Amino acid sequence: MEMALDRILGADTVAGETERPARLVAAMRHAALGGGKRLRPVLMRETARAYGRDDGGVLIAAAALECIHCYSLVHDDLPAMDDDDMRRGRPTVHKAYDEATAILAGDALLTLAFDLIASDTVHAEAAVRLRLSRDLARAAGLGGMAGGQMLDLESEHRQRSEAEIRTLQAMKTGALIRYATRSGAILAGASDEDVARMTRFGELVGLAFQLADDLLDVQGDAAILGKAAGKDAAAGKATLVALKGVDWTRRTLDELVREADGLLASLGARAEVLSAIARYVADRSA
Ligand code: GRG
């Protein structure tokens, strides 16, 4: 993934471009290279591999998804949103450059993703590329990540029910993870039944990812401040950990991993890595 992104975010223009402004390229590289767990691309590639496809086209689709993820982090860090100075142990893009450059770097990463997913190498059939592209737009946009971010911002001013929190989290962080496994199956030409199975697997991993993130937040803050409320809870953001407690969250994480594992049964040994990723996501400590 690192090498693919390094090449994609190079200084050389591609057909249809006249110039790549050096400062924008540098800001995009700052956002996309040198850090990050690469969870979404790994999930996509492992799902495709489990169904028998492992080639450069999948790598390009995975890079497209990672570009969207990186764009979301750049914009999420802006003063108008979370106002964070550091990300992945380095200054955020607006700190390393400036706010206008960070907005443009996010915009350019978002649009680059749709350029990449439309590549011929992603899939030989245009109809499949179109499906992947529309799914990606929906995962990232109004009814997905951007919409979920809006709901999350609004949570600072109003109480949310459990169902509302589940919906906003499925949109904000779940949608891209769901896309990762769903599109991995589509890329490999899996049956409709298997695509549905891997879509559900992604939903479960997405939920586990968010719960583990909220748990880390609570634990991190409790360790630092000696209180059981993390940054998100302190900022009034809606989390299931804040609503249901730490014990419920740990139990639910175990249940999610078990259910996710159950979906992989028919893949046998081919799903070993996917199974390990689901466990890692639930147990992670960073
Ligand atoms: C700005 C449209 C827009 C959306 C932002 C995803 C998101 C929506 C904001 C991220 C805020 C955040 C830190 C949420 C917690 C879960 C999360 C997505 C963490 C970061 O993802 P990782 O852990 O990051 O996969 P790395 O650095 O490993 O790539």
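1. In this predicted model, helix H9 is mostly covered, with 20 of its 26 residues buried. The helix spans residues 162-187, and H9 bends by about 60° at Gly-174. After H9 comes Gly-189, which has a positive phi, near 75°.

2. Helix H7, residues 126-140, packs with H9 at an angle of about 170°, and the two axes lie 9 Å apart. Since angles over 145 degrees count as roughly antiparallel, H7 and H9 are therefore roughly antiparallel to each other. On the H7 side the contact is made by Val-128, Arg-131, Leu-132, Asp-135, Leu-136, Ala-139 and Ala-140, while H9 contributes Ala-175, Leu-176, Arg-178, Tyr-179, Arg-182, Ser-183 and Ile-186. By character, the residues of this contact of H7 with H9 divide into nine nonpolar, one polar and four charged.

3. Turning to the ligand, there are 14 residues around it, of which Gly-36, Lys-37, Ser-72, His-75 and Asp-76 come nearest. Two or more residues of this shell are given by each of helix H4 (56-77), helix H8 (145-154) and H9, so that H9 takes part both in the shell around the ligand and in the packing with H7 described above. The most is given by H4, with four residues in the shell.

4. As for the composition of the shell around the ligand, its residues divide into four nonpolar, five polar and five charged, whereas those of the contact of H7 with H9 divide into nine nonpolar, one polar and four charged.

Technical notes:
Residues numbered from 1 in each chain as written. Predicted model: local features only at pLDDT ≥ 70, side-chain atom pairs only at ≥ 80, totals over all residues. Axes fitted to C-alpha atoms, helices over the stretch in contact; angles between N-to-C directions. Parallel < 35°, antiparallel > 145°, perpendicular 65-115°, else oblique. Contact = placed C-beta atoms within 7 Å. Nonpolar A, V, L, I, M, F, W, Y, C, P; charged D, E, K, R; others polar. Near = placed C-beta within 6 Å. Bend = angle between axes of the 7 residues up to and from the residue. Buried ≥ 20, exposed ≤ 12 C-beta atoms within 10 Å, placed from the backbone.
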